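Please open the model in a viewer and keep the sequence alongside. The tour below proceeds by selection, with a short account of what is found at each stop.

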Amino acid sequence: MKNALTIFIFTILTTLFYWYVGQQVPQKVTYPPKKLELRDDLTTDEMIEIGAEIVNGKGTCQSCHGLPGGRFPSLDNVGAIAASRIEGMSEVEYLAESLYDPNKFIVDGYLPGMPQAHKAPISLNDKEILCVIAYLQNQGGSPTVSMQTSHSFTGTAPEDAGGGQVAAAPASNLDGPAIVETYLCLTCHKVDGPGDMVGPSLYDVGNRMDKAALYESLLDPDATLTEGYAGGVMKATLDGVGFYDKVSSKEMKTLVDYLASMKGGN
Amino acid sequence: MKKKLPFYLIATVVVVLMLIALNHLWTNWDAARELSNALAEKDAAGAPMDDGGTLEYREFPVIGSRVLVWMIAELHLMFAAFVLAVPMFAVIIEFIGYYTGDKRYDDLAYEFTKLLSTSFSFTATLGAMLTFALIILYPRLMGYLVNIFSWTFLPYVLLFFAEAGFLYSYYYGWGKFSPKVHLALGIGLNIVGTGIMFIANAWLTFMNSPAGVTETGALISTWDAINNFTWMPINIHRLIANVAFGGSIAAAYGAFKFLGAKTDEERAHYDWMGYIGNFIAIIAFLPLPFAGYWLGKEIYAYSQTLGIVMMGGTFSWLFIIQAVLIGNLFLGANYYLWVSMERIEGAERYRKAIKWLLASITICFIVWATPHSLVASIEEARKMGGAHHPILGVLGVMSAKNTAVNVLILTTYLSFLLYRRGNKEATHPRASLLKNIQFGIFSVVTIFVIVLGVAGYFVDATTRIGFSVPQVLSVLFAMISIAAIDVFLFRNAKSKGEIKWGQIKARAQYALFFLAITFTWLMGLMGYVRAGLRQHYHVYGIMEDTSAHAFTPTLGFAAGVVSVTVLIFFALIAIVFWLSSLSTKKKWEPKDASDDVYGLAEEARS
Amino acid sequence: MNIVPVAIIVLVMVAFSQLSKRNILRLNVVAWMVIWWLAIYFALSYGINPPLPASIIGMFMFIVSLALAAYLTTSTDDMEAAKSAFVNFIINPRYALPLILVMIGLPVVSAYNVYSDMTQPPQPPLSTRTIHPPPPPSITFKGKTIDLIEDENPYRALKTDNPAEFAKHVENGRRVYFQNCVYCHGDNMAGRGIFAHGFDPIPANFRDPTTIAMLQETYLFWRIAKGGPGLPAEATPWLSAMPAWEKFLSEEEIWDVIIFMYEFTNQEPRAKEELH
């Protein structure tokens, strides 16, 4: 009996010893990679949550829609008024149109300029846009979409454009105006004449800034702000479109050269 | 006959239950195929199935589905390994007894076999539990696997029947047949057992390295799915590891009986049994690192990603734990031999060698346990210039590890050689020449192994991997040639004394327990890494785990699960030991009223 | 290797063994165990330059302790000697004073340990880093999918097929390397470029046989193309400062610089394993 007890204790001690060894090595939990693809059976709440994430994140929507008195209409109450924007157009259809083809209908008092949500660089896919619509409907209204909802734009977005891997065109061959367009500068800056929008016009920026200042204001927009403009907006927008991830030094040079050559009216 | 009835009953019930379970799956054949097709249509991202309400997972309360299946599978595996291993060496020992006519061997083989019948029932019960747990908790995965492996379940079940037949006729037929017939039964038992293991291995290796299916998981060929990349390496690896594990458990049984023995005769017998069990374990253990190396290489070949997850990524620290376990195994095996040399008259001559053998083992242990990238504070890391130590980093790679393990094997072999020579003095006319030849072979091989290890740093990876082959072959050559010379050298050797069986120290027996526990723990750990490699996949790259248990837990958590499993295993093994010792117990007789009713005197004596 | 401490330790050990050989100093087996333990500990702590991290010394000393314990208990005589020395120390009145010192000393040492643990200024946690994290099965390179398992360096075959053409790729790789990589990885590829001292982790040393020689070329392609930002979570806590070169180099340039790295360091890439 005594032997059995000793053996029993010996077994427990040896096992404890190996358990202890197991605790001494670095402890790390590895989680499966986060799913980029959206499941087909998301609940409405989940859709709203994902939509909010897109609107505040890679959709870069808040750069323009989030500012009070900003360039684009506020989204605060969009769920309540979307159905009445265009006569005969349902809420979902309207919201879909304003995402897929935003410049077709412009709210009174605003200027066109919003990029298409399903194209580069935002590149949302159909499912993500459905989530965005759910989020928008939730702003002052109640969502009616599900992941199965189809509208006249369904199928327009490339199947797997999402995931933040923006398929930027072979960037190195872009010229100045193309770069300005690719990175959505035109959303906030005018280039074809004086007049300020969210940001100051670039029409004559070459007169106001030298190349070094242009580099700085591109790479660190908040370092020196033009008087009267809000900080943080340009940085957030450029982050959102992936400017800092994608722009090459060659592109930077092209862009700065182009901007420096903008002396107004030439 | 009465005594045997429970075993038959349990085994039959279990097999019937398994048949019912399989039948349940087979009747849902069409559903399963649909499921598989639906999976095939899914895109590669592997989103969960939307197949109209079929459950993908059920949750087991408290410990969760994963830990439950994990522990049952591991326990099933441990018992299965034991049940497959014991017949292998039982038949060999029986054959030695038959060949030499030494009755002792025949008795020993029978004693090993006695452990089998209860273990077999436990294996089957745990297997049934595992099947149920998987079907209930992981219906989607099981549906898919059943579809892939459709017909393989039939031979599996049939072989299981044959296994039961062979096992019980081998056990109960001991001494009832002519030795040749009985040996044939034993061989049949081994063949059937190996077949069962091969089939089961096909299922699980498929999950690690799927083959025979399209990229989306649709079945192309069941045979290709069986014969996947890691199937054969796992088969071989498990076959050898089972013997090592089974030997160590048998040795632990010897130790258990030794410690409880009451007479010198019993002590002598169980001392010898422990020695033989340990001998089997160590002999099987020596080639195991190479089989493991081949398995690792095959995993690397199947997918570089999987290989790096294993050796460089999430699991790299697991192999440091493994190094501690294996270092302990070598240390423990040598320790047992050294302590048991005390009961050999004449072995005092070799005592001086122990410190050198120990030094060699310690150095190799350290080399093997040295990680490639070290845990360091920022300040320490700055001094080293990164997580690599410029000197120690050299020890962290394959060349050093391979060399260390080869030297460990040579050292252990040397310990064994000295043990064998303990009480013998060669009378061969050319004894000194032969000894010099042995010494020459040994030193040349050792130097060769080390030189190759060092050279490994100066050649490209493919050549370096190639170096492991001559290293292994030279070690094998040394072991075989030295053993062959030994046979001549000690023919008609003069005895300097006898081996006093039964006078071994108790701590040597505890070393046997230590080895058995370490083997079991190691098996649990390596089982974890094989399954854990798949990370968040059920079937690697094909069927994703979308349950709440998809994450890979910390190694500390895994160590906890393995520890608990090992303790449960030993609790069950204690039952096996106890049951098999019942057969030698005296018949129960009603006690005299005047006698000590509670058996206190018996207690006091023990 | 620090010569001075190692030499001192060796000298002390030799002195001890000579003294006990000549019976000037009588040391029992336990004392020898302690001396060996301390000698190994000091050799590991002060004999190696740069110093080993505390974690690894702890592990080594643990193994050494196991081995010494095994040695002590291998021989029954030694074990009995140790046991009786221990018992003697406790019951012999001669050792009353040292015994009291030990009795007081042990709790004091452990209390001090606790105290110093608790009063340490906050430190970043000990960290380990995966040097070669597993690559993804495939990556997207400028819209093209590169299969890291199946694909090969398209110019590797030229080495035997068309050495002249191969030399051109090596030359192009040289140009790419010395235009881009040399600043960190150094002009002899030892990871000691002019910027190297500023980084943690320091740049990889390609001359080390445990770096590129252990890896397939597609692995290098992944690391070069995706750089530090493309490292998976296992490679944390510090990500390498390596830029994602896919934004600056073409596919051919990356393959060329890989070829050049192997040619320059005279190493061969790990071959794609032949499947059975």
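Across all chains, the count of salt bridges comes to 19. The coordinates belong to a predicted model, and every distance quoted here is computed from it. As background, side chains of opposite charge can pair when their charged atoms come close.

**Stop 1: chain A, helix α12**

Select residues 249-260 of chain A, which form helix α12. Display the side chains of Asp257(A) and Lys253(A): they form a salt bridge, with 3.2 Å between the closest N and O atoms. The two residues lie four apart in this helix, so about one helical turn separates Asp257(A) from Lys253(A). Asp257(A) is partly exposed, its relative accessible area being 28%. Lys253(A) is likewise classed as partly exposed, at 47% relative accessibility.

Which residues are linked with this pair in a network of salt bridges? Add Lys211(A) to the selection; together with Lys253(A) and Asp257(A), Lys211(A) belongs to such a network.

**Stop 2: chain B, helix α11**

Move to chain B and select residues 264-285, helix α11. Here Asp264(B) and Arg267(B) form a salt bridge, the closest N and O atoms being 3.5 Å apart. Three residues separate the partners along the helix, which means a spacing of about one helical turn. Is Asp264(B) buried or exposed? With a relative accessible area of 59%, Asp264(B) is exposed, because the threshold for that class is over 50%. Its partner Arg267(B) has a relative accessible area of 24% and is partly exposed.

**Stop 3: chain C, helices α9 and α6**

Next, select Glu263(C) and Lys159(C), whose side chains meet in a salt bridge at 2.8 Å, N to O. This pair joins distant parts of the chain: Glu263(C) sits in helix α9 (residues 251-265) and Lys159(C) in helix α6 (residues 158-161), 104 residues apart. Glu263(C) is partly exposed at 27% relative accessibility, and Lys159(C) is also partly exposed, with a relative accessible area of 32%.

**Stop 4: chain B, helix α5**

Return to chain B and select residues 116-137, helix α5. How many residues does this helix have? Helix α5 of chain B has 22 residues and reaches 31 Å from its first C-alpha to its last, close to the 32 Å expected at 1.5 Å a residue. Show the surrounding residues as well: 17 of the 22 residues of α5(B) are buried, so the helix is largely enclosed by the rest of the structure.

Key. Residues are numbered from 1 along each chain as its sequence is written. Chains are lettered from A and ligands numbered from 1 in the order in which they are written. This is a predicted model: local features need pLDDT of at least 70, side-chain atom pairs count only at pLDDT 80 or more; totals for chains, interfaces and linings use all residues. Side-chain values use heavy atoms; hydrogens and water are left out. A salt bridge is a side-chain nitrogen of Lys or Arg within 4 Å of a carboxyl oxygen of Asp or Glu. Buried means under 20% relative accessible area, exposed over 50%, partly exposed in between (1.4 Å probe, protein chains only). The expected span of a helix is 1.5 Å times one less than its number of residues.
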